[in-house]
Amino acid sequence: MPNENSQTIISSDVQITGTIKSTGPVRIDGKLEGDLVCAADAVIGRSAVIKGGLQVNSVVIEGTIQGNITAKDKIDMKSTAKVHGDISAKRLAVEDGVTFIGRSEVNPTGSASASAPAAAPVSETPPASPAQDNKGGGLFGRR
Amino acid sequence: MSALRKSTEVDSLSLVRAVRHARTTGPDTPPSAPPPEKPPDSTPPPESKERAARIGRTALPPKNEIFCYECGYSFQATGRVHALLCPKCKKTLDQADYTIDAECAESVRTTGNIRLAAGGVLKSGALIARDIVLAGRIEGGTVKATRRIEIEPAAVYDPDLLAAQDLTVAAGAECRFKGKRLFRHIDVRGVLDGHFAASGGVTVHAGGHLKGRLQGPHLVVEEGGGLTAELEITPPGTK
């Protein structure tokens, strides 16, 4: 029977290729090329580099992730986080300084489904006329 | 020749300069005077430093960025002035704050603030001000805020008629923009939908929801804020 208080730690000098599955909390400071499936909470440390997807209950991100993140509860991006991929969660907290390129599907007030597709891109509008294109900045163009 | 200046009047600026000088160089002592002896256990009283810091913070007159609605020139004015003259076009600028709570069909231009109250209707003309709060109805004309525009829940408007540097969507308000819009800072407490590019920071507060697309260097999402969007957040200096 696993100890509920135990935490699996992948230290910064460890590199793993493959999928990690865990029922307990996980902390990754090293490199992972593969997916992380964690039924509990995960911490992606500042030195961590993950090339793969994450399926977790909640995750605190301080390192680099190239892949999609699906959290049942919460994604917490600290200022050092770099995420290239789509995220889906029930709750989200983002600190200033993050690098994030991808799609986000976070709706705390509505029902958040883990398998929900990412937000569809906003339909492109026809190219604006020069006068319309200047809106929001045209007033300051003479500065 | 003595470098000392004697002043019979002490204004706030002189006080600030004196405090800053004292903080950087320490207290003035005559060159011939022996250095003060310190008791071995004595420590400088912390109150004096705190007081100096407080004076330095509070006594500085505020600097206001003024945007001339006549010629478009931008300049700074320190403190409060009775009459504001644009240094470029030499025209007197209105500094008053206005509240529109009835039908309005004329232009209102000021370097102050305008509030279009819940019962206010803008039929035509232009509203130009530093900060504009929209809680009424815009049926025609244009609205340009040289700094910030705030949209409240009761506002009825066409987003194409709005222009501002900063955008604030108040709690409970829903705001949908068509096409790509550029802002400096965006504050979301209600619902904001559209394609945005921000040169400054974007903050989604708890209870707020940002939808659509967003490009910019800074993003902050408070816990409880919603984000259903395609994002490209790259802080300056990162690739």
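**Exercise 1. Identify the residues whose side chains meet in a salt bridge between E223(B) and its partner in chain A, and place this pair within the contact of the two chains.**

Solution. In this predicted model, the side chain of E223(B) meets that of R91(A) in a salt bridge, with 2.3 Å from N to O. That distance lies within the 4 Å allowed between a side-chain nitrogen of Lys or Arg and a carboxyl oxygen of Asp or Glu. Next, consider which elements of chain A take part: β14 (91-94) and β15 (99-106) each supply at least two residues of the side of chain A that touches chain B. The largest share of that side, 8 residues, comes from β15(A).

The step after this is to widen the view to the whole interface, where the rule finds 2 salt bridges across chain A and chain B, and where 9 residue pairs are in polar contact, both residues being at pLDDT 80 or more. Chain A gives 31 residues to the contact and chain B gives 39 residues, and together the two chains bury about 3000 Å², of which 53% is on carbon and sulfur atoms. Finally, the scores of the model are ipTM 0.75 and pTM 0.73.

**Exercise 2. Determine which residues of strand β19 of chain B lie on its covered face and which on its uncovered face, and describe how this strand pairs with β17(B).**

Solution. Begin with the general pattern, which is that in a regular strand the side chains alternate between the two faces of the sheet. In β19(B), residues 218-221, the covered face holds L219(B) and V221(B), while H218(B) and V220(B) are on the uncovered one. Turning to the pairing, strand β17 (residues 201-204) of chain B runs parallel to β19(B), and 4 bridges are found between them. Within this pairing, G201(B) stands opposite H218(B), a residue of the uncovered face.

**Exercise 3. Work out the strand order of the open sheet that contains β9(B), and explain why β6(B) and β11(B) count as its edges.**

Solution. The sheet is open and has 3 strands, in the order β6-β9-β11 of chain B, with parallel pairing. Because β6 (103-104) and β11 (137-138) each have a single partner strand, they stand at the edges, and one side of each is left without a neighbour in the sheet. For a closer look at one pairing, β9 (residues 121-122) of chain B is joined to β11(B) by 2 bridges, and V121(B) is found opposite R137(B) of β11(B).

**Exercise 4. Describe the setting of K91(B), and decide whether this residue is buried, partly exposed or exposed.**

Solution. K91(B) is located in the loop between β3 (84-85) and β4 (92-93) of chain B. The relative accessibility of K91(B) is 43%, so this residue counts as partly exposed, the limits for that class being 20% and 50%. Leaving aside residues up to four places away in sequence, K91(B) touches E70(B), L84(B), L85(B) and C86(B). By contrast, Q215(B) is 124 residues from K91(B) in sequence and 39 Å from it in space, C-alpha to C-alpha.

**Exercise 5. Summarise chain B as a whole, and point out where confidence in the model is under 50.**

Solution. Chain B has 2 helices and 20 strands, and 43% of its 239 residues are buried. Of the contacts in chain B between residues at least 6 apart in sequence, 8% join residues at least 24 apart. The mean pLDDT of the chain is 83, with 80% of its residues at 70 or more. Over residues 1-8 of chain B, however, pLDDT stays under 50, and the model has 0 contacts for them beyond four places in sequence.

Terms used
Residues are numbered from 1 along each chain as its sequence is written. Chains are lettered from A and ligands numbered from 1 in the order in which they are written. Side-chain values use heavy atoms; hydrogens and water are left out. Buried means under 20% relative accessible area, exposed over 50%, partly exposed in between (1.4 Å probe, protein chains only). Two strands pair if DSSP finds at least two bridges between them. pLDDT is the predictor's confidence in each residue, from 0 to 100. Contact means heavy atoms within 4.5 Å. Buried area is the accessible area (1.4 Å probe) that two parts lose on being put together, summed over both. A polar contact is a pair of N or O atoms within 3.5 Å; within protein, one must be able to donate a hydrogen and the other to accept it, and residues adjacent in sequence count only if both atoms are side-chain atoms.
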